[in-house]
Amino acid sequence: MYPRHITQNLLAALRDTPVVVLHGPRQAGKSTLAQHLTKHGHSATYITLDNATALATAKTDPTGFLAGIQGPLVLDEIQRAPELVLPIKADVDRNRRPGRFLLTGSANILQLPKLADALVGRMEVLTLRPLSQGEIAGVREGFIDALFSGKLPSWSDAGARRAGAISKAEMARRILTGGYPEAVKRRGLERRRQWFEGYLNTVMMRDVRDLSNIEGLVDLPRLMTAVAGRAGGLLNYADLGRDVGLNQVTTKRYLALLRATFVVQALQPWFTNRIKRVVKSEKLYLGDTGLLAYLLDATSERFVADPKLTGMLTENFVAVELMKQATWSRTRPSLWHFRDHRGNEVDFVLEARGGTKIVGVEVKSRATLDSDDFNGVRVLAEAAGERFHRGIVLYSGVEALPFGKQMHALPITALWHLGAET
């Protein structure tokens with residue numbers, strides 16, 4: 001079992017909250033982590049609703065199903081039995097002892113109104129995404145907290161300099177593998193492709209159908225491919241739907257289902273009253289770069305030879321790594337993107353809780369930079385005013401370099417090395 005950095009946050013929630021929800025994409029490791037906790041730190045009965053008998057019982061007599069179990073309960077894949085929600089609410093209202101229920105789900109709890117509304121004020125929600133680079137390597141990343149620290153940690157020691165040197169082939173391997181534990185274990189591109197093909201069939205044929213009650217979904221694979229081709233781009237429903245022969249209503253509905261199953265992730269635009277003319281479209285990313293590479297039919301050779309593909313995959317890679325680290329960092333920032341009407345943009349805007357500090361992160365797949373690469377971050381700094389804390393450009397070089405006050409260039413390997421703990 002890979003160490004999951006969210007574990008301590010999960011245990012802390014179970015110590016003071018009656019219902020804890022651990023949601024995230026299918027095959028990210030939720031069941032493995034939940035079962036591990038029942039033996040190490042949270043003694044509870046584990047039941048998966050992927051089991052046909054358990055599911056049938058829960059749906060037929062949800063109140064009796066819960067009454068027959070004594071002590072804390074872990075319910076895996078709760079979205080399959082929404083009938084359990086009201087009995088859980090009633091049970092918790094009678095006894096608000098912490099750690100009563102740990103619910104896992106492969107659908108975003110915030111997009112399941114019955115469950116989210118019924119348990120408001122009674123639950124804490126945590127997200128488990130596929131493995132981060134640090135989890136794969138056995139180190140706890142501290143990149144986000146380092147960005148928000150008073151002084152950026154030094155990158156000048158020999159170990160950090162060695163960490164900064166990464167070949168395009170090695171970067172391609174990390175990106176094309178992605179973070180799903182089963183995909184990480186597989187050796188060779190073709191074996192991983194077989195896994196991703198089966199994964200998409202599972203998500204589309206079962207999870208999405210269960211959420212939507214739609215049997216057909218014949219257009220969904222084409223929509224997935226179209227979304228992959230626009231990863232990191234601004235979302236335009238009309239253009240996207242036109243490319244796959246869908247109207248805007250259907251396109252929006254299908255995309256909502258893909259978001260609900262964590263296959264697609266969206267970043268909303270960051271803006272402020274200080275700068276009114278900004279682009280307010282959201283940007284879409286795939287929740288895993290291995291899955292994105294599969295949909296784009298990307299190979300290591302294409303990654304090295306095609307700058308456009310390299311840029312798209314690298315930006316998506318940084319996006320999902322930041323999303324993963326945000327779930328356990330002390331800062332717990334929200335993630336946005338920024339683009340003004342003149343085309344100045346910053347790939348990622350990290351905003352600390354309360355909006356007190358803003359950090360901009362731009363991604364370049366090149367090995368060399370110049371001052372112009374910081375233009376977007378400078379516009380963001382002007383818009384954020386005193387809240388602007390730091391601007392970072394991640395690139396494929398090996399040196400950490402200052403580019404003026406509060407501006408720094410960092411190797412992309414800083415994502416899993418800067419501020420990391422073994």
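**Exercise 1. The end of helix H15**

Task: In this predicted model, find which residue just after H15 takes a positive phi, then describe the helix before it.

Solution.
Step 1. Look just past H15. Phe262 has a positive phi of about 70°.
Step 2. Step back into the helix. H15 covers residues 248–260, 13 residues in total. From first C-alpha to last, H15 reaches 18 Å. That is close to the 18 Å expected at 1.5 Å a residue.
Step 3. Check the N-terminal end. Asn247 caps H15 there. A side-chain oxygen of Asn247 lies 3.1 Å from the backbone nitrogen of Val249.
Step 4. List the buried residues of H15. They are Thr251, Tyr254, Leu255, Leu257, Leu258, Arg259 and Ala260.
Step 5. Ask what covers them. The cover includes three helices, H12 (189–212), H13 (220–229) and H14 (237–244). It also includes strands S6 (264–267) and S7 (283–286).

**Exercise 2. The largest pocket**

Task: State how much space lies in the largest pocket, and work out which elements and residue classes line it.

Solution.
Step 1. Take the volume. About 680 Å³ of space lies in the largest pocket.
Step 2. Find the residues at its centre. The lining has 23 residues. Closest to the centre are Asn108, Thr127, Arg129, Phe262 and Gln265. Phe262 is the residue with positive phi just after H15.
Step 3. Assign the lining to elements. Strand S5 (123–127), S6, helix H18 (307–326) and S8 each supply at least two residues. S6 gives the most, with 4 residues. S6 is also among the elements that cover the buried residues of H15.
Step 4. Sort by class. The lining holds 12 nonpolar, 8 polar and 3 charged residues.

**Exercise 3. His337 in strand S8**

Task: Decide whether His337 is buried or exposed, and identify what its side chain meets.

Solution.
Step 1. Place the residue. His337 sits in strand S8, residues 334–339.
Step 2. Read the accessibility. His337 has a relative accessible area of 1%. The cut-off for buried is under 20%, so His337 is buried.
Step 3. Find the polar partner. The backbone oxygen of Ser281 lies 2.7 Å from a polar atom of the His337 side chain.
Step 4. Collect contacts beyond four places in sequence. Among them are Leu234, Leu267, Trp270, Ser281, Lys283, Val346 and Asp347.
Step 5. Compare sequence with space. His337 and Gly360 are 23 residues apart in sequence. Their C-alpha atoms are 8.8 Å apart.

**Exercise 4. The Ser132 and Glu141 pair**

Task: Determine which side chain joins Ser132 in a polar contact, and describe the surroundings of both residues.

Solution.
Step 1. Place the two residues. Ser132 is in the loop between S5 and helix H7 (133–137). Glu141 is in the loop between H7 and helix H8 (143–148).
Step 2. Test burial. Ser132 has a relative accessible area of 0% and is buried. Glu141, at 4% relative accessibility, counts as buried.
Step 3. Name the link. The side chains of Ser132 and Glu141 form a polar contact of 2.8 Å.
Step 4. List the wider contacts, leaving aside neighbours within four places. Ser132 meets His5, Glu141, Glu321, Lys324 and Trp328. Glu141 touches residues including His5, Glu321, Trp328, Leu415 and Trp416.
Step 5. Check the span in sequence. Glu141 and Leu415 are 274 residues apart in sequence. In space they are 7.5 Å apart, C-alpha to C-alpha.

Definitions and conventions
Residues numbered from 1 in each chain as written. Predicted model: local features only at pLDDT ≥ 70, side-chain atom pairs only at ≥ 80, totals over all residues. Heavy atoms only, no water. Expected span 1.5 Å × (residues − 1). Buried < 20%, exposed > 50% of the residue type's maximum accessible area, 1.4 Å probe, protein only. Contact = heavy atoms within 4.5 Å. Polar contact = N/O pair within 3.5 Å; in protein donor to acceptor, adjacent residues only side chain to side chain. 1 Å grid on protein atoms, 1.4 Å probe; cavity = no way out; pocket = protein on both sides within 12 Å on 5 of 7 lines; lining within 4 Å. Points joined across faces, edges and corners; volume = space filled by probe spheres on them. Nonpolar A, V, L, I, M, F, W, Y, C, P; charged D, E, K, R; others polar.
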